[in-house]
Amino acid sequence: NYISVNKLSNLLNCRSEQLVEDLTGLGFANVTQNYILSREYVELILQEYNYELPASRRLLNAQTVYDELKSPINPRLLNKRPPVVTIMGHVDHGKTTIIDHLRKSSVVSQEHGGITQHIGAFQIVTPLSKRKITFLDTPGHAAFLKMRERGANITDIIVLVVSIEDSIMPQTIEAIKHAKNSGNETIIAITKIDKIKQPKERERALERITADLLVHDIQLEQVGGDVQVVPLSARSGENMDLLEESIILLSDVMDIRAEDSIKIAAEGWVLESQVKKSVGNVATVLLKKGCLQKGNILVCGNTYCKVRNLLDGAGRPVTKAMPSDAVEVLGWREVPEAGDQVVQAKNEAQAKKYNAKRVALLQVEEQAVNVERLNLERGIKKEEEEAQDKDVNSEANSDSKLGIGPKKVNFIVKADVSGSAEAIKESIAALGNGEVVCNVISSSVGFPAESDLKMAQITDSKVLCFNLGSMPSEVINNRKGVDVRQYNVIYKLIEDVIQILTDNLEPVY
Ligand code: GDP
């Protein structure tokens, strides 16, 4: 069950250089075109890089079936809407503190004496200009990765936090890259200025950050660029109002608008979803366009909803949601998936029809992919036979081919932030001995997605979750029978991995 990268690229109909690059991106070390891949990895690559198969291009059909329901753009209905803002930056540079500070001044919080639920986004009204801003409060969430994969960009503005003490760090650079790729406008928030009180010293630190950002092609206003910078302290609240007004200023320059009429089909994205004991299936929807009201019909994924109620961040009913609002939507047949798009249908009959159409398309596509897979397997078999003919006397590779060498136990790591995902990957990858070793197939941020579970199933991996909070029950009790484990303390996780490795040792009699 082995195949070379070169041959696989032939079968996949892609350039071998591209495949080498993709594999390196997936974490394979020292890959060349002659690198030999095992069946297990080929499966993985097929899962991850479905797009390389002609059939998978057709997968887009099922995802875009709801496009037919959308209304054509009507410029006359375009009205200003609040900007949607994501806060990004290196770990510990102050994202959470800024969000907590903003949340305290949120519309809902002020009306309800601070009692707010976590629904994935919240809105504030700026103190001076009295304008609304929507903040997404869990930007590292799996839903956002999914939306990004689908080319959806729900954010307008990224506030990039940089601690005055540290200047830019690896995740700052990651965030800069992301901002550039997604075409978002950026504002720089320099945080923790209360930590450097001496004016000269503060000045020097700010200059250094300006220079560091310039290296990464972020040109602040101070050096003739157009990126605003706000030095602030989220702890004392100093200049937080300035940050809010800077966002409004930028949003005016961007002239952010959406059609907000009930005449057009509402569109939005699911930020979070869950089953609530008292009310049933609930999804937080960030509305992109239209005007959502009770009684509207929505389709999403394989399910639909007759909107029974709309709730704000305090769990209080609201009559409607406008573009850039995030509301909890009640009345779903089944829980929709976070990261899926929501589109309004005319009536229940139409919603059911489109749900069915999507399911049918998915089945067709699945079959098409299976056919491709079968062809590929035939290709692999042929390659194997050829290789056996050639290698009959060569012993160079025979160790690995016979499966000699340490036994690999596979894991998939999911964590709350990429920093901890990396840290866990590194610490457990070092575990094991000459007989059994840890093999981390992937490590990423957010709840295990369907694709993670599929990958785990194929590679017989256990999924290790770190600091993810309460997990959707469909993940824990997944139908694939994948072992998903949760931890809040790293050493517990490591202890458990050691136990699993030990269990995998051959018994000695
Ligand atoms: P995150 O990882 O980016 O979300 O960072 P946090 O918001 O959790 O902040 C990391 C640490 O820095 C926490 O201990 C915060 O209390 C502290 N911190 C955040 N902002 C400020 C600030 O403006 N001033 C000071 N002195 N400390 C801050």
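Mentor: Two strands pair if DSSP finds at least two bridges between them. This is a predicted model, where local features need pLDDT of at least 70, side-chain atom pairs count only at pLDDT 80 or more, and totals for chains, interfaces and linings use all residues. Residues are numbered from 1 along each chain as its sequence is written, and side-chain values use heavy atoms, without hydrogens and water.

Trainee: Why are strand S11 and strand S12 said to pair?

Mentor: S11 (residues 267–276) and S12 (residues 280–289) share nine bridges in the antiparallel sense; at least two are required, so they pair. Val-270 stands opposite Val-285 in S12.

Trainee: What makes a barrel here, and in which order do the strands run?

Mentor: Six strands close up in the order S11-S12-S17-S15-S14-S18, with antiparallel pairing.

Trainee: Why does the spot between Asp-194 and the ligand count as a polar contact?

Mentor: A polar contact takes a pair of N or O atoms within 3.5 Å. A polar side-chain atom of Asp-194 lies 2.7 Å from a nitrogen atom of the ligand, so the pair qualifies. A side-chain N or O atom of Lys-192 is 3.0 Å from a ligand oxygen, so that pair qualifies too. From Gly-94, a backbone N or O atom also lies 3.0 Å from an oxygen atom of the ligand.

Trainee: How do you know which residues of H14 and H17 meet?

Mentor: Contact means heavy atoms within 4.5 Å. Ile-424, Ser-427 and Ile-428 in H14 meet Ile-490, Leu-493, Ile-494 and Val-497 in H17. The residues of this contact divide into six nonpolar, one polar and no charged; Ile, Leu and Val count as nonpolar, so Ser-427 is the polar one.

Terms used:
Helices (H or I, at least four residues) and strands (E, at least two) are DSSP runs, numbered from the N terminus. A polar contact is a pair of N or O atoms within 3.5 Å; within protein, one must be able to donate a hydrogen and the other to accept it, and residues adjacent in sequence count only if both atoms are side-chain atoms.
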